Amino acid sequence: MRSIWNGAISFGLVSIPIKLVNATESHSISFRQIHLSDGGRIRYRKVCELDGEEVATAEIGKGYEEADGSIIPITDEDLAQLPIATAKTIEIVSFVPADEIDPLQMDAAYYLAANGPTAAKPYTLLREALKRSRRVAVAKYALRGRERLGMLRVVDDVIAMHGLLWPDEIRAPEGVAPEGKVSVREAELDLADALMATLGEVEMSSLTDEYREAVEAMISAKSEGAFEPPAEAEVEPAGGKVIDLMAALEKSVRAAKESRGEAGAAGAAEVTPMRRSGGSGRKAAAAAPKAVGGKKSTASTAAAKKTASGTKKTTSRKSAATKSTSKTASAKKAAGGGTSAKKSTAAGAGASAKKATPRKRTSA
(Lines give C-alpha, C1' and ligand atoms only; values in the text may rest on other atoms or scores of the structure.)
Protein backbone atom coordinates (compact mmCIF):
# COMPACT_ATOMS: atom_id res chain seq x y z
CA MET A 1 0.00 0.00 0.00
CA ARG A 2 1.20 3.49 -0.84
CA SER A 3 2.20 5.68 2.09
CA ILE A 4 0.76 9.18 2.38
CA TRP A 5 3.12 10.50 5.08
CA ASN A 6 6.54 9.60 6.46
CA GLY A 7 7.69 10.42 9.95
CA ALA A 8 8.27 8.79 13.34
CA ILE A 9 6.47 7.75 16.50
CA SER A 10 7.93 9.35 19.59
CA PHE A 11 7.27 8.33 23.20
CA GLY A 12 9.81 9.39 25.77
CA LEU A 13 13.25 8.99 24.21
CA VAL A 14 12.13 6.19 21.87
CA SER A 15 11.72 7.09 18.18
CA ILE A 16 10.20 4.69 15.65
CA PRO A 17 10.43 5.56 11.93
CA ILE A 18 7.03 4.83 10.35
CA LYS A 19 5.00 5.28 7.18
CA LEU A 20 1.36 6.33 7.30
CA VAL A 21 -0.97 4.19 5.15
CA ASN A 22 -4.72 4.63 4.68
CA ALA A 23 -6.61 1.89 6.55
CA THR A 24 -9.93 2.59 4.84
CA GLU A 25 -11.16 3.07 1.29
CA SER A 26 -14.36 4.35 -0.21
CA HIS A 27 -16.45 2.19 -2.53
CA SER A 28 -19.01 4.90 -3.22
CA ILE A 29 -20.06 5.24 -6.85
CA SER A 30 -19.21 8.67 -8.22
CA PHE A 31 -21.18 10.42 -10.97
CA ARG A 32 -20.21 13.08 -13.51
CA GLN A 33 -22.21 16.16 -14.27
CA ILE A 34 -23.55 16.09 -17.83
CA HIS A 35 -25.52 18.33 -20.18
CA LEU A 36 -29.01 16.78 -20.29
CA SER A 37 -29.71 17.72 -23.89
CA ASP A 38 -26.67 16.03 -25.48
CA GLY A 39 -24.94 14.11 -22.65
CA GLY A 40 -21.76 16.18 -22.82
CA ARG A 41 -19.66 16.41 -19.65
CA ILE A 42 -19.70 19.55 -17.56
CA ARG A 43 -16.19 20.44 -16.35
CA TYR A 44 -14.90 22.93 -13.82
CA ARG A 45 -12.13 25.11 -15.10
CA LYS A 46 -9.74 26.90 -12.74
CA VAL A 47 -9.50 30.43 -14.03
CA CYS A 48 -7.49 33.33 -12.64
CA GLU A 49 -9.71 36.26 -11.67
CA LEU A 50 -7.12 38.84 -12.76
CA ASP A 51 -6.30 37.77 -16.30
CA GLY A 52 -9.23 35.36 -16.98
CA GLU A 53 -6.88 32.58 -18.13
CA GLU A 54 -7.21 28.90 -17.17
CA VAL A 55 -4.46 27.82 -14.73
CA ALA A 56 -2.80 24.38 -14.58
CA THR A 57 -2.66 22.50 -11.27
CA ALA A 58 1.14 22.86 -11.07
CA GLU A 59 0.76 26.66 -11.06
CA ILE A 60 -1.75 26.72 -8.20
CA GLY A 61 -0.62 27.38 -4.63
CA LYS A 62 -2.38 28.30 -1.38
CA GLY A 63 -2.90 31.56 0.43
CA TYR A 64 -4.73 33.04 3.41
CA GLU A 65 -7.37 35.70 2.79
CA GLU A 66 -7.39 38.61 5.18
CA ALA A 67 -10.54 40.41 6.29
CA ASP A 68 -9.95 43.18 3.75
CA GLY A 69 -9.72 40.65 0.90
CA SER A 70 -5.94 40.72 0.48
CA ILE A 71 -4.20 37.34 0.04
CA ILE A 72 -1.08 36.21 1.95
CA PRO A 73 0.73 33.41 0.02
CA ILE A 74 1.59 30.32 2.09
CA THR A 75 3.91 27.62 0.70
CA ASP A 76 4.45 24.00 1.74
CA GLU A 77 7.97 24.96 2.80
CA ASP A 78 6.54 27.58 5.15
CA LEU A 79 4.35 24.97 6.81
CA ALA A 80 7.17 22.40 7.03
CA GLN A 81 9.41 24.87 8.85
CA LEU A 82 6.92 25.62 11.63
CA PRO A 83 8.54 25.16 15.07
CA ILE A 84 6.24 22.39 16.32
CA ALA A 85 7.34 18.92 17.44
CA THR A 86 4.56 17.19 15.53
CA ALA A 87 5.54 18.47 12.06
CA LYS A 88 7.09 15.08 11.22
CA THR A 89 6.43 13.19 14.44
CA ILE A 90 3.49 11.36 16.01
CA GLU A 91 4.11 12.42 19.59
CA ILE A 92 2.49 10.16 22.21
CA VAL A 93 1.33 12.23 25.17
CA SER A 94 -0.39 9.58 27.33
CA PHE A 95 -1.70 6.00 27.60
CA VAL A 96 -5.34 5.61 28.66
CA PRO A 97 -8.03 2.86 28.78
CA ALA A 98 -9.83 2.57 25.45
CA ASP A 99 -13.25 3.30 26.99
CA GLU A 100 -12.07 6.82 27.89
CA ILE A 101 -12.12 7.76 24.20
CA ASP A 102 -15.52 9.06 23.12
CA PRO A 103 -16.57 7.32 19.84
CA LEU A 104 -17.91 10.70 18.68
CA GLN A 105 -14.28 11.82 18.33
CA MET A 106 -13.35 9.02 15.88
CA ASP A 107 -12.25 10.22 12.45
CA ALA A 108 -10.16 8.66 9.66
CA ALA A 109 -8.15 5.48 10.32
CA TYR A 110 -4.56 4.70 9.29
CA TYR A 111 -2.06 1.85 9.57
CA LEU A 112 1.40 2.68 10.88
CA ALA A 113 4.06 0.62 9.07
CA ALA A 114 7.62 0.24 10.34
CA ASN A 115 9.92 2.20 7.97
CA GLY A 116 13.07 0.16 7.54
CA PRO A 117 14.82 -2.67 9.43
CA THR A 118 15.92 -0.44 12.30
CA ALA A 119 12.28 0.36 13.10
CA ALA A 120 11.25 -3.31 13.58
CA LYS A 121 12.50 -3.65 17.18
CA PRO A 122 11.02 -0.46 18.73
CA TYR A 123 7.82 -0.93 16.65
CA THR A 124 7.34 -4.43 18.09
CA LEU A 125 8.14 -3.16 21.59
CA LEU A 126 5.41 -0.50 21.42
CA ARG A 127 2.91 -2.96 19.92
CA GLU A 128 3.45 -5.57 22.65
CA ALA A 129 3.39 -2.93 25.39
CA LEU A 130 -0.01 -1.71 24.15
CA LYS A 131 -1.28 -5.31 24.05
CA ARG A 132 -0.15 -6.13 27.57
CA SER A 133 -1.36 -2.90 29.15
CA ARG A 134 -4.73 -3.11 27.36
CA ARG A 135 -4.50 0.61 26.81
CA VAL A 136 -4.40 2.95 23.84
CA ALA A 137 -1.98 5.79 23.17
CA VAL A 138 -3.16 9.36 22.73
CA ALA A 139 -0.90 11.29 20.35
CA LYS A 140 -0.57 14.56 18.46
CA TYR A 141 0.58 14.83 14.84
CA ALA A 142 0.47 17.28 11.93
CA LEU A 143 -1.08 16.30 8.60
CA ARG A 144 -2.40 18.28 5.63
CA GLY A 145 -1.68 21.69 7.07
CA ARG A 146 -2.99 21.27 10.61
CA GLU A 147 -2.14 19.61 13.93
CA ARG A 148 -4.39 16.71 14.78
CA LEU A 149 -5.18 14.36 17.65
CA GLY A 150 -4.86 10.59 17.27
CA MET A 151 -5.37 7.30 19.09
CA LEU A 152 -2.97 4.38 18.60
CA ARG A 153 -4.15 0.81 19.15
CA VAL A 154 -3.19 -2.70 18.04
CA VAL A 155 -5.04 -4.44 15.19
CA ASP A 156 -3.73 -8.01 14.71
CA ASP A 157 0.04 -7.44 14.49
CA VAL A 158 -0.14 -3.84 13.28
CA ILE A 159 -0.34 -0.52 15.09
CA ALA A 160 -3.34 1.45 13.82
CA MET A 161 -4.03 5.12 14.37
CA HIS A 162 -7.47 6.71 14.46
CA GLY A 163 -7.65 10.41 13.85
CA LEU A 164 -9.59 12.12 16.62
CA LEU A 165 -11.53 15.35 16.60
CA TRP A 166 -10.45 17.88 19.18
CA PRO A 167 -12.78 18.03 22.20
CA ASP A 168 -13.99 21.52 21.22
CA GLU A 169 -15.04 20.16 17.80
CA ILE A 170 -17.75 17.98 19.39
CA ARG A 171 -21.02 19.88 19.60
CA ALA A 172 -23.13 19.61 22.74
CA PRO A 173 -26.42 17.76 22.07
CA GLU A 174 -28.60 20.69 23.14
CA GLY A 175 -32.19 20.58 21.92
CA VAL A 176 -31.76 17.13 20.35
CA ALA A 177 -33.51 14.94 22.94
CA PRO A 178 -37.34 14.70 22.92
CA GLU A 179 -38.99 17.61 24.67
CA GLY A 180 -41.04 16.99 27.80
CA LYS A 181 -41.10 14.00 30.12
CA VAL A 182 -41.70 10.63 28.44
CA SER A 183 -42.42 7.55 30.56
CA VAL A 184 -41.73 3.98 29.41
CA ARG A 185 -43.54 1.04 31.00
CA GLU A 186 -41.77 -2.08 32.24
CA ALA A 187 -43.77 -4.23 29.80
CA GLU A 188 -42.45 -2.16 26.88
CA LEU A 189 -38.88 -2.51 28.14
CA ASP A 190 -39.39 -6.29 28.50
CA LEU A 191 -40.49 -6.54 24.87
CA ALA A 192 -37.61 -4.31 23.72
CA ASP A 193 -35.20 -6.64 25.57
CA ALA A 194 -36.84 -9.65 23.91
CA LEU A 195 -36.46 -8.04 20.47
CA MET A 196 -32.79 -7.29 21.13
CA ALA A 197 -32.19 -10.87 22.26
CA THR A 198 -34.03 -12.27 19.23
CA LEU A 199 -32.07 -10.18 16.74
CA GLY A 200 -28.88 -11.23 18.53
CA GLU A 201 -25.43 -10.48 17.13
CA VAL A 202 -24.23 -10.21 13.55
CA GLU A 203 -20.93 -10.83 11.82
CA MET A 204 -19.80 -7.38 10.67
CA SER A 205 -18.08 -8.94 7.65
CA SER A 206 -21.45 -10.24 6.42
CA LEU A 207 -22.94 -6.73 6.07
CA THR A 208 -22.93 -5.31 2.54
CA ASP A 209 -23.86 -2.04 0.84
CA GLU A 210 -27.11 -3.08 -0.86
CA TYR A 211 -27.69 0.39 -2.29
CA ARG A 212 -24.34 0.38 -4.09
CA GLU A 213 -25.01 -3.14 -5.41
CA ALA A 214 -28.40 -2.03 -6.76
CA VAL A 215 -26.82 1.02 -8.46
CA GLU A 216 -24.12 -1.18 -10.04
CA ALA A 217 -26.77 -3.60 -11.32
CA MET A 218 -28.74 -0.69 -12.80
CA ILE A 219 -25.63 0.70 -14.54
CA SER A 220 -24.80 -2.76 -15.94
CA ALA A 221 -28.36 -3.23 -17.24
CA LYS A 222 -28.38 0.22 -18.86
CA SER A 223 -25.05 -0.41 -20.58
CA GLU A 224 -26.45 -3.64 -22.05
CA GLY A 225 -29.71 -1.97 -23.07
CA ALA A 226 -31.80 -4.31 -20.93
CA PHE A 227 -32.83 -1.93 -18.19
CA GLU A 228 -36.42 -2.03 -16.96
CA PRO A 229 -37.55 0.36 -14.22
CA PRO A 230 -38.44 -1.67 -11.12
CA ALA A 231 -41.81 -1.37 -9.44
CA GLU A 232 -41.87 1.39 -6.86
CA ALA A 233 -41.76 0.15 -3.30
CA GLU A 234 -44.77 1.07 -1.20
CA VAL A 235 -43.64 3.39 1.56
CA GLU A 236 -46.04 4.38 4.30
CA PRO A 237 -46.02 8.06 5.27
CA ALA A 238 -43.91 8.55 8.39
CA GLY A 239 -45.45 11.64 9.94
CA GLY A 240 -48.35 12.07 12.34
CA LYS A 241 -49.33 8.43 12.79
CA VAL A 242 -49.95 7.21 16.35
CA ILE A 243 -48.76 3.64 16.75
CA ASP A 244 -49.52 1.00 19.33
CA LEU A 245 -46.02 0.58 20.73
CA MET A 246 -46.74 -2.71 22.50
CA ALA A 247 -48.28 -4.24 19.38
CA ALA A 248 -45.38 -3.02 17.23
CA LEU A 249 -42.84 -4.54 19.60
CA GLU A 250 -44.69 -7.85 19.78
CA LYS A 251 -44.98 -8.02 16.00
CA SER A 252 -41.28 -7.22 15.68
CA VAL A 253 -40.33 -10.05 18.05
CA ARG A 254 -42.54 -12.47 16.12
CA ALA A 255 -41.17 -11.34 12.74
CA ALA A 256 -37.58 -11.64 13.95
CA LYS A 257 -38.19 -15.19 15.16
CA GLU A 258 -39.92 -16.16 11.91
CA SER A 259 -37.01 -14.76 9.89
CA ARG A 260 -34.66 -16.98 11.88
CA GLY A 261 -36.89 -20.01 11.27
CA GLU A 262 -37.52 -20.69 14.93
CA ALA A 263 -40.18 -23.30 15.60
CA GLY A 264 -43.42 -22.03 17.04
CA ALA A 265 -42.58 -18.45 16.16
CA ALA A 266 -46.04 -17.77 14.79
CA GLY A 267 -47.59 -18.05 18.25
CA ALA A 268 -44.61 -16.75 20.16
CA ALA A 269 -45.98 -13.31 20.89
CA GLU A 270 -49.63 -12.45 21.28
CA VAL A 271 -50.61 -8.94 20.21
CA THR A 272 -52.66 -7.19 22.87
CA PRO A 273 -54.09 -3.74 22.04
CA MET A 274 -53.15 -0.95 24.45
CA ARG A 275 -55.94 0.49 26.57
CA ARG A 276 -56.92 4.00 25.64
CA SER A 277 -58.61 5.13 28.87
CA GLY A 278 -57.41 5.08 32.46
CA GLY A 279 -58.73 2.82 35.22
CA SER A 280 -57.83 0.02 37.56
CA GLY A 281 -57.34 -2.41 34.70
CA ARG A 282 -54.74 -0.11 33.13
CA LYS A 283 -52.86 0.24 36.41
CA ALA A 284 -52.83 -3.52 36.85
CA ALA A 285 -51.49 -3.99 33.33
CA ALA A 286 -48.72 -1.45 33.97
CA ALA A 287 -47.77 -3.07 37.27
CA ALA A 288 -47.42 -6.56 35.87
CA PRO A 289 -45.00 -6.81 32.86
CA LYS A 290 -46.33 -8.86 29.98
CA ALA A 291 -44.81 -12.24 29.32
CA VAL A 292 -42.42 -12.42 26.38
CA GLY A 293 -42.59 -15.37 24.03
CA GLY A 294 -44.98 -18.33 23.98
CA LYS A 295 -43.88 -20.28 27.04
CA LYS A 296 -46.25 -18.64 29.46
CA SER A 297 -49.36 -19.05 27.29
CA THR A 298 -48.43 -22.68 26.60
CA ALA A 299 -48.01 -23.33 30.31
CA SER A 300 -51.37 -21.68 31.01
CA THR A 301 -53.05 -23.84 28.36
CA ALA A 302 -51.44 -26.96 29.78
CA ALA A 303 -52.55 -25.99 33.29
CA ALA A 304 -56.08 -25.39 32.01
CA LYS A 305 -56.11 -28.79 30.29
CA LYS A 306 -54.79 -30.42 33.46
CA THR A 307 -57.50 -28.74 35.55
CA ALA A 308 -60.20 -29.80 33.09
CA SER A 309 -58.88 -33.34 33.09
CA GLY A 310 -58.84 -33.39 36.91
CA THR A 311 -62.40 -32.05 36.97
CA LYS A 312 -63.53 -34.75 34.55
CA LYS A 313 -61.87 -37.45 36.64
CA THR A 314 -63.44 -36.13 39.85
CA THR A 315 -66.86 -35.99 38.20
CA SER A 316 -66.42 -39.55 36.92
CA ARG A 317 -65.44 -40.75 40.39
CA LYS A 318 -68.46 -39.01 41.93
CA SER A 319 -70.77 -40.58 39.33
CA ALA A 320 -69.28 -44.00 39.98
CA ALA A 321 -69.68 -43.54 43.72
CA THR A 322 -73.29 -42.46 43.25
CA LYS A 323 -74.02 -45.48 41.07
CA SER A 324 -72.39 -47.79 43.60
CA THR A 325 -74.46 -46.24 46.42
CA SER A 326 -77.66 -46.67 44.38
CA LYS A 327 -76.85 -50.32 43.70
CA THR A 328 -76.17 -50.94 47.39
CA ALA A 329 -79.43 -49.26 48.39
CA SER A 330 -81.35 -51.34 45.83
CA ALA A 331 -79.73 -54.49 47.09
CA LYS A 332 -80.60 -53.65 50.68
CA LYS A 333 -84.12 -52.78 49.67
CA ALA A 334 -84.44 -56.05 47.83
CA ALA A 335 -82.99 -57.85 50.80
CA GLY A 336 -85.39 -56.04 53.13
CA GLY A 337 -88.33 -57.01 50.92
CA GLY A 338 -87.33 -60.66 51.05
CA THR A 339 -87.16 -60.58 54.80
CA SER A 340 -90.59 -59.00 55.05
CA ALA A 341 -92.00 -61.63 52.74
CA LYS A 342 -90.50 -64.34 54.90
CA LYS A 343 -91.95 -62.75 58.01
CA SER A 344 -95.36 -62.43 56.36
CA THR A 345 -95.28 -66.04 55.20
CA ALA A 346 -94.28 -67.26 58.64
CA ALA A 347 -96.95 -65.21 60.28
CA GLY A 348 -99.54 -66.50 57.84
CA ALA A 349 -98.46 -70.09 58.38
CA GLY A 350 -98.61 -69.64 62.13
CA ALA A 351 -102.10 -68.26 61.90
CA SER A 352 -103.28 -71.11 59.70
CA ALA A 353 -101.81 -73.62 62.13
CA LYS A 354 -103.62 -72.03 65.02
CA LYS A 355 -106.87 -72.15 63.09
CA ALA A 356 -106.42 -75.79 62.10
CA THR A 357 -105.76 -77.06 65.68
CA PRO A 358 -109.11 -78.11 67.35
CA ARG A 359 -109.93 -76.78 70.74
CA LYS A 360 -110.35 -79.30 73.61
CA ARG A 361 -113.69 -79.27 75.37
CA THR A 362 -113.70 -79.55 79.13
CA SER A 363 -116.37 -81.69 80.98
CA ALA A 364 -118.83 -80.09 83.31
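Which helix is included in what covers the buried residues of H3? Keep that in mind as you open the structure, which is a predicted model, and begin with H3 itself.

**Stop 1: helix H3**

Select residues 186-199. This is helix H3, with 14 residues. From first C-alpha to last, H3 reaches 20 Å, close to the 20 Å expected at 1.5 Å a residue. Now show the side chains of Ala-187, Glu-188, Leu-191, Ala-194, Leu-195 and Thr-198, which are buried in H3. Because they cover an arc of only 120° around the axis, they sit on the same side of H3. Turn to the other side of the helix and you will find Met-196 and Ala-197, both exposed.

Before leaving, step just past the end of H3 to Gly-200, where phi is positive, at about 65°.

**Stop 2: the cover over H3**

Back to the opening question: the cover over the buried residues of H3 includes helix H5, residues 245-259. Select Val-253, which lies in H5. Is Val-253 buried or exposed? Val-253 counts as buried because its relative accessible area is 1%, and the cut-off for buried is under 20%.

Next, display the neighbours of Val-253. Leaving aside residues up to four places away in sequence, Val-253 touches Leu-191, Ala-194, Leu-195 and Thr-198. Each of these four appears among the buried residues of H3. For a distance to try in your viewer, pick the C-alpha atoms of Val-253 and Ala-197: they are 9.2 Å apart, although 56 residues separate the two along the chain.

**Stop 3: charged pairs**

Side chains of opposite charge can pair when their charged atoms come close. In this model, the count comes to 10 salt bridges. Here are some to visit.

- Select Glu-188 and Arg-185, whose side chains meet in a salt bridge at 3.7 Å, N to O. Glu-188 counts as buried, at 8% relative accessibility, whereas Arg-185 counts as partly exposed, at 25%.
- Move on to Arg-212 and Glu-216, where the side chains form a salt bridge at 3.1 Å, N to O. Both residues lie in helix H4 (residues 210-223), four residues apart, which is about one turn of the helix. Glu-216 is partly exposed, with 38% relative accessibility.
- Keep Arg-212 selected and add Asp-209: these two also form a salt bridge, with their closest N and O atoms 4.0 Å apart. Asp-209 has a relative accessible area of 38% and is partly exposed.
- Finally, select Arg-127, Glu-128, Lys-131 and Asp-157 together to see a network of salt bridges linking them.

**Stop 4: a buried arginine**

Go to strand E8, residues 146-155, and select Arg-148, which is found there. What is the nearest side chain of opposite charge to Arg-148? It is Asp-107, 4.9 Å away. Arg-148 is buried yet has no salt bridge, because a salt bridge needs a side-chain nitrogen of Lys or Arg within 4 Å of a carboxyl oxygen of Asp or Glu.

Look instead at the backbone of Leu-143: the side chain of Arg-148 reaches its oxygen at 2.9 Å. To finish, show what surrounds Arg-148. Not counting residues up to four places away in sequence, Arg-148 touches Ala-139, Lys-140, Tyr-141, Leu-143 and Trp-166.

Notes: Residues numbered from 1 in each chain as written. Predicted model: local features only at pLDDT ≥ 70, side-chain atom pairs only at ≥ 80, totals over all residues. Heavy atoms only, no water. Helix = DSSP H or I, 4+ residues; strand = E, 2+ residues; numbered from the N terminus. Expected span 1.5 Å × (residues − 1). Buried < 20%, exposed > 50% of the residue type's maximum accessible area, 1.4 Å probe, protein only. Arc of directions from axis to C-beta. Contact = heavy atoms within 4.5 Å. Lys, Arg positive; Asp, Glu negative; His and termini not counted. Polar contact = N/O pair within 3.5 Å; in protein donor to acceptor, adjacent residues only side chain to side chain.
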